[in-house]
Each structure stands twice: as C-alpha cells, then as structure tokens.
Amino acid sequence: MLIITREELRQAVPMSAAMDAVSAAFAQLSAQQAQVPLRPHLSIPPAEGLALIMPAYLAESNALAVKLLTLFPHNLERHNLPTINALVLSFDTSNGLPVSLVEGSTLTALRTGAASGVATRILARKEARVVALFGAGAQSFNQAWAVCEARPIERIWLINRTQAHAERLAEELRAFGSPLPKDVQIATSPQEALAEADVICCATASSTPLFNDADLRPGAHINGIGSYRPSMQEVPAQTVGRARIVVDQRQAAWSEAGDLIIARDQGYLKDDAQIAELGEVILGHAPGRSDAQQITFFKSVGNAVQDVAVAQIAYTLARAKGLGTDVSI
C-alpha cells in the first residue's frame, strides 16, 4: 500500500489533472456508472464537530475508495489545528486489497476546487476575467487556482471578515505564479468586488447570504461550496430563484444544500426544472448557460466520486514520479 502525504499529493497532482479526473467522475455519476450512498453524518457534540463517511465506486474508472473526514470548526482557535482532517483509502477492485492511503484534507480541497473549475469551464462566459472570492480558509486557494485554470483570469478580489487572513491568502496567490495573476486585491465591501466580478466563489461557513442579489453583474457565474447544511446559506434566495442551477448530485443537494433548501422554502425555487447535474451538462444531456446575460450557479455539497477519482490519479501520478511510501500491512 502506498502512503501519500500532503506534500507528496501537492507534488503529484496538478489542478488540471484533478479537474479532468473530477469531470470524468461526475459524468459517470450522472450516467448511473457510480455507486454512491448518501454519506452518514456523525455529530460530535463536545466539540461541535462533524464526522463524515464517504464511500464510492466508479465502474468505468474501475476505482473504489472511502473517505473519512472530520470537521471541527473550533480547532484553529482552541488547538491551533486544521478545521478539516481526513484520510482517503483506495482498494484494488480485482481483489479488494488496499492500494493507497492519501492525506485527505489536502485532497478534499483539491477535488473541491477541481469541481468548481469544471463548472466554471462549462458555465462561465468565455470572456470572464475577474474573480471575487469569499473566504480565506482551507478551500479558498484551490478555488482560485481552479477558476484560473478554467479561464484566463486577470484579477482576483478577496472578501473576508478577517483582514490578516485575507492578506495571507493574497500573498500566497500572488506568489504561486501561472495561471494565477499577480493582481490580487482585498475588497473593502462585497459591492466593490462584485462590481467587476465575472466569477464568484463562495467558500465560507456563513448562515446568511454573503452579498445582495442586486450587486451581481449580468452573466455572472457563481460557485457555492461552503454551505453544506440545510441551515447554511451563502447565496441570496433571490439569486438562486433566477439562476440556472447546476449541482453535483440532486439527491445530496436537496438533502444538504441550504442555498437551495432555503430558496425553496421562501418560494423562490419551485421545482427541479431549473436544476441539472454537472455530469448531465458534461455529457450533453442537459443545457448549461443559455445566454450571456444569464446568472449561472454551481452548488456543490461534495460527492465521494470526486475523492475516488482524485485518489486514483494521485496514486498513478505518485507512482510515476517516485513519490509516496510503500508499506506492508
């Protein structure tokens, strides 16, 4: 079994490869070529924590894995530890033996960014050049990276409650190099950023909308990846009600995505008619953007097919690059 650490994963898998793997995985999901049970949530009340168990099998890719993830929102201030911790264990589908164990918090950020990148590649206007990024946490860097892989972005606006965190992220983005631009600005308000933004990425744990519907430019594309509980909301219900909505998986979205659930409960979203799965759009079974003025919204709560796909490509590329540690169990 190959153990792949955080740094080895970063060396092994470029965002472009992760995006291609995730795109293929979503296509299999919508083509009924994947087995993905709804993930159970385990509450850890003393720490207000959450544990998720996420198995999946991709038939066409011949890939099988399970991710175990914990989300402890107070880790940083209480213990100076990451909020999200995870492991992804992959198995050989011919004999059931374990193949690899990958550090999962980095993989989670990579595959989540990759999904937004794929959605941006499919839904954002071709001339998109400016990104507004809400949040400066563990998911934010990869959101920016993926969008910049999808479109030739020239400026990134950051909006975050904590100035120091925004400044740190800005430095990381500027230092990364291509395809990220050097022009990274910290906005004084959402309105300042949205006045220019062609693509908006929402990567927060907010329970209330991050911006006003009226502040969106015509034709903007939104990636919403932060609200993973029915009570959480990043995007205004009015925006959801008028957008072309694409989700990772309908069943999971209606179970967990507060952005959709709240919009439905408030009467802005009436049925599934304006909702497609990302895999359906990839396969050409459902339309994406219909015109240059349309607001498009990719809502993701995360799906285990992403983890399986990226873990598989991580194993392949790590082997090819001589990365990872072989262990016998």
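In the predicted model, the largest cavity is lined by 13 residues, and those nearest its centre are Val 36, Pro 37, Leu 38, Arg 39 and Asn 303. Two elements, strand β4 and helix α9 (250–256), each give two or more residues to this lining. Strand β4 provides the largest share, with three residues. By residue class, the lining of the largest cavity comprises eight nonpolar, three polar and two charged residues. The volume of the largest cavity is about 100 Å³, and the structure holds one cavity of 30 Å³ or more.

Strand β4, which contributes to the cavity lining, also takes part in several strand pairings. This strand spans residues 49–58, and seven of its ten residues are buried, so β4 is largely enclosed by the rest of the structure. Burial here refers to a relative accessible area under 20%.

The pairings of β4 involve three strands, considered here in turn: β2, β3 and β5. Strand β2, residues 34–35, pairs with β4 in the antiparallel sense over two bridges. Within this pairing, Tyr 57 of β4 stands opposite Gln 35. Strand β3, residues 41–44, is likewise antiparallel to β4, and four bridges connect the two strands. Here Leu 50 in β4 is the bridge partner of Ser 43. Strands β3 and β4 form a hairpin in which four residues lie between the strands. In the turn of this hairpin, Glu 48 has a positive phi of about 55 degrees.

On the pairing of β4 with β5, residues 63–71, nine bridges join the two strands, which run antiparallel. Within this pairing, Leu 68 in β5 stands opposite Ile 53. These two strands also form a hairpin with four residues between them. Its turn contains Asn 62, for which phi is positive, at about 55 degrees.

Asn 62 appears again in the second largest pocket. This pocket is lined by 15 residues, and Asn 62 is among those nearest its centre, together with Phe 91, Val 99, Gln 312 and Tyr 315. The pocket has a volume of about 200 Å³. Four elements each supply at least two lining residues, namely β5, β6 (84–91), β7 (98–103) and α12 (304–321). Helix α12 accounts for the largest share of the lining, with five residues. Eight residues of the pocket lining are nonpolar, six are polar and one is charged.

The cysteines were examined for disulfides, and the structure holds zero of them. Cys 148 is in no disulfide, as the nearest cysteine sulfur, that of Cys 201, is 8.9 Å away. The relative accessibility of Cys 148 is 5%, so this residue counts as buried. For Cys 201, the closest cysteine sulfur belongs to Cys 202, at 7.5 Å, which is too far for a bond. The cut-off that applies to this reasoning is a separation within 2.5 Å. Cys 201 also counts as buried, because its relative accessibility is 0%.

Definitions and conventions: Residues are numbered from 1 along each chain as its sequence is written. This is a predicted model: local features need pLDDT of at least 70, side-chain atom pairs count only at pLDDT 80 or more; totals for chains, interfaces and linings use all residues. Side-chain values use heavy atoms; hydrogens and water are left out. Buried means under 20% relative accessible area, exposed over 50%, partly exposed in between (1.4 Å probe, protein chains only). Two strands pair if DSSP finds at least two bridges between them. On a 1 Å grid over the protein atoms alone, a cavity is a set of points where a 1.4 Å probe fits but cannot get out, and a pocket is an open set with protein on both sides within 12 Å along at least five of seven lines; lining residues have an atom within 4 Å of a point. Grid points are joined across faces, edges and corners, and a volume is the space filled by probe spheres set on the points. Ala, Val, Leu, Ile, Met, Phe, Trp, Tyr, Cys and Pro count as nonpolar, Asp, Glu, Lys and Arg as charged, and the others, Gly among them, as polar.
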